[in-house]
Amino acid sequence: MNVEKIEDSVSFHQLVDSYEYIQLEKNDKCLIGKVEQLVVKDNLIYVLSDGIYCFNMDGSHRFSINQKGHSAREYTHLKTISISDDLLCAYDDFQWKLMFFNKNDGKFVKSVKLPWSTCVEGIYVYGDYLIADRGFLPNDDAIYDERFLVYKIDDLSSVIARYSLENYKVVFLGDVSYSENGLLYSSVVHNELWRITPNGMSKYFFLECPESMSLTESEKELMSMDYYAIPEDEQANKLIILSNLHENKQFITGRCCYKKQFVNLVYDKKSGKHHIFTDVYDCDSWIYSPVDIISADNDYFYSVLLGETACFIKRYCDIGEAPKTGDVDKKSYEIYRSIKEDDNPIVVRYKFKNIE
């Protein structure tokens, strides 16, 4: 993606083709706090919070997995979830185990104790393989210095692939997002996006910037070792910290920092065109801005709007009247207008417009 200029703002209607609010049902078995991860797969919404909660696409509650304890079917603290074939996989980073459930009804299938206990930020299952993300820094007692390790599920005692700093030029300072097509790893220093699968790791997307907006190679090396090594004033006019990357079959979305503020990017893989901008304008105050993306499937991007956030906006902003056209808009408006602070979150689903 060739970055020549950054727009101050783009129109919401120039960016978004359609959007929909999905109110997640609240009941005694389904009380969601902070959303740690959202995965959408085969028209089901999986929310990782203080437990795992599954919803149909209309927001109706399907099942919950929220039994804490130390038995095979219970967890202490869930760090990540992933979906593989017919299974929902959850990683308990306090007990170092993987738990497998039926992805359609949440019934327990099995748990597997991990034979290693080094620092692992996330585990993601793909078919017969799993990818372990060891986080930002190598652990002192680890055998290897790689960020990502690949294992066969039926043999967790030996590593079959290691994605290392030396072989792949990947620094430990980076951001990871999960999708059904693989892990996306963005190097916040090098403005590069890598796709990671059990079969390999490849540079997939990167920002090509004018020299005035790019870090020098020596600055990149310093920031790779110590993020705070470059003074803020010298960073201010550089386009850095590529993060929060998500992808569907046509678009890649993410954000960077420029002039001490976030800038957002939407890249159209079909046309090769893009928007890179600071703000979104000309949408009503009750319409959630499509820049805080936390998940994607093949067609859509997803954000989460908390009840307390919606109520804060309603309290201090004029949300206006209901839209005069569009059944989906009217339905979303009514969902927004009626939400309470202690309700479960609203999932916002966006479809972006082609960039010509």
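Leaving out neighbours within four places in sequence, Y302 is in contact with L38, V40, M57, D292, I293, I294, S295, A296, D297, V347, V348 and R349, where contact means heavy atoms within 4.5 Å. Y302 sits in strand β24 (residues 301-305), and with a relative accessible area of 0% it is buried. Buried here means under 20% relative accessible area, exposed means over 50%, and partly exposed is in between (1.4 Å probe, protein chains only).

A quick word on the ground rules. This is a predicted model, in which local features need pLDDT of at least 70 and side-chain atom pairs count only at pLDDT 80 or more, while totals for chains, interfaces and linings use all residues. Residues are numbered from 1 along each chain as its sequence is written, and side-chain values use heavy atoms, with hydrogens and water left out.

Back to Y302 and one of its partners, V347. The C-alpha atoms of these two are 6.7 Å apart, with their positions 45 residues apart along the chain. V347 belongs to strand β25 (residues 346-352) and, at 1% relative accessibility, is buried. Not counting residues up to four places away in sequence, V347 touches E20, Y21, I22, L24, L38, Y302 and S303. L38 therefore turns up on the contact lists of both Y302 and V347. By contrast, Y302 and N2 are 300 residues apart in the chain, and 26 Å separates their C-alpha atoms.Next up is D133, in strand β12 (residues 129-133). D133 is buried too, with a relative accessible area of 4%. Beyond neighbours within four places in sequence, D133 is in contact with V120, E121, G122, Y124, R147, F148 and V176. Its C-alpha atom lies 27 Å from that of S218, a residue 85 places away along the chain.

Then there are two residues with positive phi. Most residues other than glycine have a negative phi. W96 and D282 go the other way, as the table shows.

| Residue | Phi | Loop | Relative accessibility |
|---|---|---|---|
| W96 | near 55° | between β8 (87-92) and β9 (97-102) | 36%, partly exposed |
| D282 | about 60° | between β22 (274-281) and β23 (295-296) | 43%, partly exposed |

Zooming out, the protein chain has six helices and 25 strands, counted as DSSP runs (helices H or I, at least four residues; strands E, at least two) and numbered from the N terminus. Its radius of gyration is 21 Å, close to the 21 Å that the globule rule gives for 356 residues, so the chain is as compact as a globular protein of that length. That radius is taken over C-alpha atoms, and the rule is 2.2 Å times the number of residues to the power 0.38. Along the principal axes, the C-alpha atoms fill a box of roughly 60 × 55 × 35 Å.

Of the 356 residues, 51% are buried. Among contacts between residues at least 6 apart in sequence, 53% join residues at least 24 apart. The chain exposes about 17300 Å², with carbon and sulfur atoms supplying 46% of that (Shrake-Rupley method, 1.4 Å probe).

Finally, confidence. The chain averages a pLDDT of 88, and 92% of the residues score at least 70; pLDDT is the predictor's confidence in each residue, from 0 to 100. Over residues 138-143 pLDDT stays under 50, and the model has eight contacts beyond four places in sequence for that stretch. Where pLDDT is low, the predicted coordinates should not be read in detail.
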